[in-house]
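Reader: I want the reasoning behind each label, not just the label. Can we go through it step by step?
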Amino acid sequence: MIEKMKFITLTGPKDDIDRVTETYLRKYEIHLENAMTELSDVKNLVPFQEPNPYKELLTRVKNLTDQMGDAAAGVKPADVTLEEVQQVLDRVSSGMNEMNAQKKGLEEKIADYDGRMATLAPFRSLPEDFTQLLNYHFVDFRFGRMPKSFYSKFKDYVYDNFDTIFMVTKQDDQYVYGIYFAPIRESHKIDAVYSSMHFERVFIPAGYKGTLEDAYDLLKKESDSAASELKLLKKEIRDGLRDEASRLLGAEKLLSELSQDFDIRKDAAVMSTKTDRYYIICGWMGESDFPKFEKAIENDPKIVCVPENAEDTGETPPTKLKNPKLFKPYEMYVKMYGLPNYKELDPTIFVAITYSFIFGAMFGDWGQGLCLLILGGILYKIKKAPLFGIISCAGVFSTLFGFLFGSCFGFENVTPALWLRPRTSKITLPGIGSINTVLVVAVVFGMFLILTTMILNIINSKRLGDKEGELFGTNSLTGFIFYTGVVIFIICSFTNHKQFLGAAFIIIFFVVPLAVMFLKEPLTAKLTHKEPKEKVGVGMFIVQSFFEMFETLLSFFSNTLSFIRIGAFAVSHAAMMEVVLMLANGGKNIGVVIGGNIFVMGMEGLIVGIQVLRLEYYEMFSRFYRGDGKEFKPFLKQEKNA
């Protein structure tokens, strides 16, 4: 369900905004809107601009708490005042300044070592003493790298035609690293040739002694030594901060709250009069919160609140979902598709019921269902992750269908089937012959769901003022009549009641609806007194409408058949468990039975979960759901009222 909203405008003396924020707004959820935008026609209104005095202190405190690391684990923040925060910072900083300077120096030294090592690393295999290279008088050399594709061309077409030697020292997926030598008199020409092959020079400064491998190892030793020193220094810093951990965490908590409170000015505005200046705050509040908020401020002479009903504002409020705890985990699936528009129906309960029901039908085994129910419930209680709640609810319906199918961990001789056996139950249809019962039931159930989603679309379209979606579109009242006719036609055809399918039936359920859908654009324009979005000629209109009609009929057919997967998975689940029992020698090998059940619950459970979600999104949501809502984001986290 979507909670109803009130649009409230708060005003009072400019200097009183912090008290109002701390005393009232911190206790109630309010979604702020920019007052300058909302009240653009009000004169003498300017942005509320003041620098946040807490941000610098907060940055300093966070820098210290970040350095505490494990020392802060399990430490409860102490209650501190703003004056005590400054005292704690001064006391801690005086002892930490020197160590932080040492820490910064070591970090810079390690970064320098690592950078030099990264430069040398591709050339470590060069056997030549680096000092000797620098003493060459008649030969120039260049370190660098070349893309692999150009290196191949270089070897095949260029290398043998110039006085140069290229020594490869390393290769990776993209580059060939190495050093080339060239006579000094030819070096400019050779450099140009290598540049044309996209050779990128790497400059290695003089000063290294021995081979580059020796230089790299020396840098590595120096870097490791500095890293060890830094590790000891960080431990010393953590130990030094441990005594102040509680007060520092309390300071961080206090400053975070004060800084967040102060930032309300970003959305507030200031109105000036001849005698005083007032703040103005605008935002949305849930109708369940507003009476409590109104009662709290009724005796406060410094605050004025002007409420408006959402319908009177002419704006679309943010969406705040408010569903019973049982259905709350399914909000995750709704939000994945898109948050509902404030004026739409919230599909969460619909998703919860249909998703769990379809999952249970496709995964009908009461033994495995109980496992999903219990395991999902335990994990949801511990982790609070919505997915585990969904698994637990799906396990309820898997258990129910397990009893209907008479299946327990794949065994079909433990309990009788209260309804049918998915793999063996058949039904005979005129003109088709014998067919699996669950496949037929799945298609019939799919038809029922399609009709249900059409009704939901009609309601949503009416709420949103979409006349085409309500009356003339594919999933509108017209589409509902047409598809109802298709359902009746199929039922009468297979039950030998064709006497109902006369000319009147064809005209009412097929001819008229198809004609209306064909002419939906001009009919909508006539009803709404608006011109069509695109004006086209009669010929183009006929062609366009014909193909749209063809696509509509094709989508009805494909969407209906898509629900066969419900029955198909019910059959395949039974077949997979039969294979498990066959491998377990009729269930005598307990290890294989347990392993097979775990495998099926894991693999098939995942596949079924995805397939059901696909049905929800593509076969149902696409018919009635827009999902273009704006999320309700409270400025301050709600606290428990005192």
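Reader: What is the bridge partner of D140 in β6?
Author: The partner is A182. This is a predicted model, so read every value as computed from it.

Reader: What makes β4 and β6 a pair?
Author: Two strands pair if DSSP finds at least two bridges between them. β4 and strand β6 (residues 175-183) have nine bridges. They therefore count as a pair. The sense is antiparallel.

Reader: How do you know that β4 and β7 pair?
Author: The cut-off is at least two bridges. β4 and strand β7 (residues 200-201) have two, so they pair. The sense is antiparallel. In β7, R201 is the bridge partner of G144.

Reader: Which order do the strands of the open sheet take?
Author: The order of the four strands is β5-β6-β4-β7, with antiparallel pairing.

Reader: Why are β5 and β7 called edge strands?
Author: β5 (165-171) and β7 each pair on one side only. That is what the label says of them.

Reader: What holds strands of a sheet together as pairs?
Author: Strands pair through backbone hydrogen bonds, either parallel or antiparallel.

Reader: How do you know that the span of helix α8 agrees with expectation?
Author: Helix α8 (residues 212-242) has 31 residues. At 1.5 Å a residue, it should span 45 Å. Its end C-alpha atoms are 44 Å apart, which agrees.

Reader: Which residues of α8 are buried?
Author: L212, A215, Y216, L219, S223, A226, L230, L233, I237 and L241.

Reader: What covers the buried residues of α8?
Author: The cover includes the helices α3 (55-68), α4 (82-120), α5 (130-134) and α9 (245-262). It also includes strand β4 (139-147). β4 is part of the open sheet above.

Reader: Why is T9 called buried?
Author: Buried means under 20% relative accessible area. T9 has 16%, so T9 is buried. T9 is found in strand β1 (residues 5-13).

Reader: What does T9 touch, not counting residues up to four places away in sequence?
Author: T9 touches I280, I281, C282, V304, C305 and V306.

Reader: Why is I598 called exposed?
Author: Exposed means over 50%. I598 has a relative accessible area of 53%, so I598 is exposed. I598 is found in helix α23 (residues 590-624).

Reader: How far is I598 from G473?
Author: Their C-alpha atoms are separated by 47 Å. Along the chain, the two are 125 residues apart.

Reader: How many cavities of 30 Å³ or more does a search of the whole structure find?
Author: Three. The largest has a volume of about 60 Å³. The second largest has about 30 Å³.

Reader: Which residues line the largest cavity?
Author: G473, T474, M517, K520, S545, E548, M549 and T552. Helix α21 (residues 538-562) gives the largest share, four residues.

Reader: What makes that lining two nonpolar, four polar and two charged?
Author: Met counts as nonpolar, which covers M517 and M549. Lys and Glu count as charged, which covers K520 and E548. Gly, Thr and Ser fall among the polar, so G473, T474, S545 and T552 go there.

Reader: Which residues line the second largest cavity?
Author: M517, F518, K520, E521, F541, Q544, S545 and E548. α19 (503-518), α20 (520-528) and α21 each supply at least two. The largest share, four residues, comes from α21. The lining divides into three nonpolar, two polar and three charged.

Technical notes
Residues numbered from 1 in each chain as written. Predicted model: local features only at pLDDT ≥ 70, side-chain atom pairs only at ≥ 80, totals over all residues. Heavy atoms only, no water. Buried < 20%, exposed > 50% of the residue type's maximum accessible area, 1.4 Å probe, protein only. Contact = heavy atoms within 4.5 Å. 1 Å grid on protein atoms, 1.4 Å probe; cavity = no way out; pocket = protein on both sides within 12 Å on 5 of 7 lines; lining within 4 Å. Points joined across faces, edges and corners; volume = space filled by probe spheres on them. Expected span 1.5 Å × (residues − 1).
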